[in-house]
Amino acid sequence: MRIQSILEEVKRLAVEAGTFIAEQRQHFDASKVESKHSHDYVSYVDKQCEQMIVARLKEILPEAGFITEEKTTTQTAEETGFFWVVDPLDGTTNFIHDLAPYCVCIALKNKTDILLGVVYEVTRKELYSAGKGLGAYLNGQPIHVSELKDLDQALVMIGYPYNAEGFRQFCLNLTGQLYGHCASIRSNGSAEGELCYLAAGKIDVYVESFIQPWDVMAGACILLEAGGKISDYDGADEQWESGRQVVATNGLLHEAMLVEIQKARS
């Protein structure tokens, strides 16, 4: 498969989709926002952007299937086993409130590997990209995770899931353990954006639960190619791809974070 040439086409598509989102934000009608479930929102911009992305991806690789957040297509992978994972607007709540970041996210997978990932952070016009074995890039320049080894100096991002009842105590425990024992704690509202910040060495740790494959797949590809590590809360691959449990680090801090996570769960 021609991963490099497909990656270039997907990068152009992500920027075009991001430009559409930025234009829509200028005259956004918040009254048309829908609630998927408690505190989880979708806008007409999400849906229109996904339709545009899906149509173009079908041209780029007609045989591939799709996993998409807004489910604007039901096309599944056939014999090839290739499928796109698409989040047209990761950080919808941020977008609604005109806060950064929010991102266009596209990944291509087969049955075993993430072949490429592209994330375009709209507000800063930052294009993150990676292909398996090709390295990770921000606006065309190579990026790498931080080299920090001390959790006490780490900038940590914790995502707070919509399923508050299921994860409140874990989040409170983990935040309480780290508060005052790391450089600082943040929550930016875009899982894919946070994974890319980690890949670029802007932060050192990211933890979240109860998200979805389209929230992590593109960013995970970029992070792994930038030298980082991602796992579930037990340090395995069992659940991170589903988004049920995601802990991502620069690699050097991974074992220390797993210890903190086990303490928070107990």
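**Exercise 1. The open sheet**

In what order do the strands of the open sheet of five strands come? Work out the edges and the twist as well.

*Solution.* Keep in mind that this is a predicted model.

Step 1: reading across the open sheet gives S11-S10-S12-S14-S13, and the pairing is mixed.

Step 2: look for strands that pair on one side only. Those are strand S11 (184-186) and strand S13 (229-231), the edge strands.

Step 3: the twist from one strand to the next averages 15 degrees.

Step 4: zoom in on one pair. Strand S12 (residues 205-209) and strand S14 (residues 245-249) run antiparallel and are joined by five bridges. Here Val205 has Thr249 of S14 standing opposite.

**Exercise 2. Helices on the sheet**

Find which strands helix H5 touches, then do likewise for the strands that H7 lies across.

*Solution.* Step 1: helix H5 (residues 191-199) packs on the sheet and touches strand S10 (155-158), S12, S13 and S14. Its direction makes about 160 degrees with that of S12.

Step 2: H7 lies across S12, S13 and S14, and its angle to S14 is about 145 degrees.

**Exercise 3. H5 against H6**

Classify the packing of H5 and H6 from their crossing angle, and say what kinds of residues make the contact.

*Solution.* Step 1: get the geometry. The two axes come within 8 Å and cross at roughly 5 degrees.

Step 2: apply the cut-off. Angles under 35 degrees count as roughly parallel, so H5 and H6 are roughly parallel to each other.

Step 3: list the partners. H5 brings Glu192, Leu195, Cys196, Leu198 and Ala199, while H6 brings Met217, Ala218, Gly219, Ala220, Ile222 and Leu223.

Step 4: sort them. You get nine nonpolar residues, one polar and one charged.

**Exercise 4. How covered are these two helices?**

Count the buried residues in H5 and in H6, and check the glycine that follows each helix.

*Solution.* Step 1: H5 is mostly covered, with nine of its nine residues buried. Two glutamates, Glu192 and Glu194, are in that buried set, along with residues including Tyr197 and Leu198.

Step 2: helix H6 (residues 217-225) is mostly covered too, with seven of nine buried. These are Met217, Ala218, Gly219, Ala220, Cys221, Ile222 and Leu223.

Step 3: now go past the ends. Gly201 follows H5 with a positive phi near 80 degrees, and Gly227 follows H6 with a positive phi near 95 degrees.

**Exercise 5. H4 against H7**

Decide how H4 and H7 are oriented to each other, give the handedness of the crossing and break the contact down by residue class.

*Solution.* Step 1: helix H4 (residues 164-178) and helix H7 (residues 254-265) have axes 8 Å apart and pack at about 130 degrees.

Step 2: roughly antiparallel needs over 145 degrees, and roughly perpendicular covers 65 to 115. The angle of about 130 degrees fits neither, so H4 and H7 are oblique.

Step 3: the crossing is right-handed.

Step 4: on the H4 side the contact uses Phe170, Asn173, Leu174, Gln177 and Leu178; on the H7 side, Met257, Glu260, Ile261, Lys263, Ala264 and Arg265. By class, that is six nonpolar, two polar and three charged.

**Exercise 6. Backbone oddities in loops**

Locate the cis peptide bond and the residues Asp98 and Asn139, each with a positive phi.

*Solution.* Step 1: the bond from Ala100 to Pro101 is cis, with omega near -5 degrees. Pro101 sits in the loop between helix H3 (92-96) and strand S5 (103-109).

Step 2: Asp98 is also placed in the loop between H3 and S5. Its phi is near 60 degrees, positive although the residue is not glycine.

Step 3: Asn139, another non-glycine, has a positive phi of about 50 degrees. You'll find Asn139 in the loop between strand S8 (135-138) and strand S9 (141-142). Its relative accessibility is 45%, so Asn139 counts as partly exposed.

**Exercise 7. Gln24**

Is Gln24 buried or exposed? Identify its contacts beyond the sequence neighbours too.

*Solution.* Step 1: Gln24 belongs to helix H1 (residues 3-26).

Step 2: buried means under 20% relative accessible area. Gln24 has 14%, so it counts as buried.

Step 3: set aside neighbours within four places in sequence, and Gln24 is in contact with Tyr44 and Val45.

Terms used
Residues are numbered from 1 along each chain as its sequence is written. This is a predicted model: local features need pLDDT of at least 70, side-chain atom pairs count only at pLDDT 80 or more; totals for chains, interfaces and linings use all residues. Side-chain values use heavy atoms; hydrogens and water are left out. Buried means under 20% relative accessible area, exposed over 50%, partly exposed in between (1.4 Å probe, protein chains only). Helices (H or I, at least four residues) and strands (E, at least two) are DSSP runs, numbered from the N terminus. Axes are lines fitted to C-alpha atoms, for helices over the stretch in contact, and angles run from 0 to 180 degrees between N-to-C directions. A crossing is left-handed if the near helix is turned anticlockwise from the far one by less than a right angle, and right-handed if clockwise. Contact means heavy atoms within 4.5 Å. Ala, Val, Leu, Ile, Met, Phe, Trp, Tyr, Cys and Pro count as nonpolar, Asp, Glu, Lys and Arg as charged, and the others, Gly among them, as polar. Two strands pair if DSSP finds at least two bridges between them.
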